[in-house]
Amino acid sequence: MSSQRILRTRQDDGFTLVELLVVILIIGILAAIAIPSFIAQQDKGHDVDAKSTAATAARAFEACRTATNGGSYATCSLAELQDIEPSLNDAGSRLAVSSTTNTYEVTVTADRDAGAATFTISRASNGARTRTCTTGSAPRGGCSAQSSGTW
């Protein structure tokens, strides 16, 4: 009888300190892997938003040019682009545009940190469009190269 009683008390024991430490260690290792990965995905999300804003502004430039009598990009100001596409108001100071009669340039800075990537769409006078990006001190994120590239 006494041997059964001893077995029961040993079965009712909780976790040992070593078992708890092993579980905490495993959770720590998983967190060390998951958190940087999550942050990188968050940065890419901010970059995608900047790319989308740049593409939207470029489409607004095309709509503005079509709407003007002379068919010129030079008459398209940021305010007019925001009237054409109200979602551009959300970009605030992160959006910069410049234009001439046959060219335009849209630059949007990602909203992730102080050294965030900038994404640019440029239209040359021959109609060719280029998409470039620079990362500055920020991680590469959605840019094809560490310091500058294309998207």
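Cys76 is buried in this predicted model, with a relative accessible area of 3%. Its partner is Cys64, and the two sulfur atoms of this disulfide stand 2.2 Å apart. Cys64 and Cys76 are tied across 12 residues of sequence, because Cys64 belongs to helix 2 and Cys76 to the loop between helix 2 and helix 3. Cys64 is likewise counted as buried, at 2% relative accessibility. The angle about the S-S bond is -105 degrees, which makes the link of Cys64 and Cys76 left-handed. The structure holds one disulfide.

Let me now place this link in the chain. The secondary structure consists of three helices and five strands. In sequence order the pattern reads α-α-α-β-β-β-β-β. The chain has 151 residues, and 28% of them are buried. Of the contacts between residues at least 6 apart in sequence, 39% join residues at least 24 apart.

I turn to the interior. Which residues have the most contacts inside the largest nonpolar core? They are Phe61, Leu81, Leu95, Tyr104 and Val106, in a core of 24 residues. Helix 2, strand 2 (104-109) and strand 3 (118-123) each supply at least two residues of this core. Helix 2 gives the most, with eight residues.

Tyr104 deserves a closer look. Leaving aside residues up to four places away in sequence, Tyr104 touches ten positions that you can find in the model: Ala58, Phe61, Glu62, Tyr73, Ser98, Ser99, Ile121, Ser122, Arg123 and Arg129. Two of these names, Glu62 and Arg129, return in the next part.

The structure holds two salt bridges. As a general point, side chains of opposite charge can pair when their charged atoms come close. Arg129 forms one such bridge with Glu62, and the closest N and O atoms are 2.6 Å apart. Arg129 lies in strand 4 (residues 129-134) and Glu62 in helix 2, so this pair connects parts that are 67 residues apart in sequence. Arg129 is partly exposed, with a relative accessible area of 48%, and Glu62 also counts as partly exposed, at 23% relative accessibility.

The other bridge joins Arg94 to Asp49, with 3.5 Å between the closest N and O atoms. Arg94 sits in the loop between helix 3 and strand 1 (95-99) and Asp49 in helix 2, so the pair ties together parts that are 45 residues apart in sequence. Is Arg94 buried or exposed? Arg94 counts as buried, at 16% relative accessibility, whereas Asp49 is partly exposed, at 38%.

Another polar residue to consider is Gln82, in helix 3 (residues 78-84). Gln82 is buried, because its relative accessible area of 17% falls under the 20% limit. Setting aside residues up to four places away in sequence, Gln82 touches Leu88 and Asn89.

Finally, the surface. The chain exposes about 9600 Å², and carbon and sulfur atoms supply 58% of that area. Val18, Val22, Ile26 and Leu30 form a nonpolar patch there, with about 370 Å² of accessible area together. Val18 is part of helix 2 (residues 17-67) and is exposed, with a relative accessible area of 59%.

Key: Residues are numbered from 1 along each chain as its sequence is written. This is a predicted model: local features need pLDDT of at least 70, side-chain atom pairs count only at pLDDT 80 or more; totals for chains, interfaces and linings use all residues. Side-chain values use heavy atoms; hydrogens and water are left out. Helices (H or I, at least four residues) and strands (E, at least two) are DSSP runs, numbered from the N terminus. Buried means under 20% relative accessible area, exposed over 50%, partly exposed in between (1.4 Å probe, protein chains only). Contact means heavy atoms within 4.5 Å. Accessible areas come from the Shrake-Rupley method with a 1.4 Å probe; for residues, only the protein chains shown count as cover. Patches are made of residues with over 30% relative accessible area and no salt bridge: like charges are joined within 9 Å, nonpolar side chains (Val, Leu, Ile, Met, Phe, Trp, Tyr) within 5 Å. A salt bridge is a side-chain nitrogen of Lys or Arg within 4 Å of a carboxyl oxygen of Asp or Glu. A disulfide is a pair of cysteine sulfur atoms within 2.5 Å. A nonpolar core is a set of buried Ala, Val, Leu, Ile, Met, Phe, Trp, Tyr and Cys residues joined through side-chain atoms within 4.5 Å.
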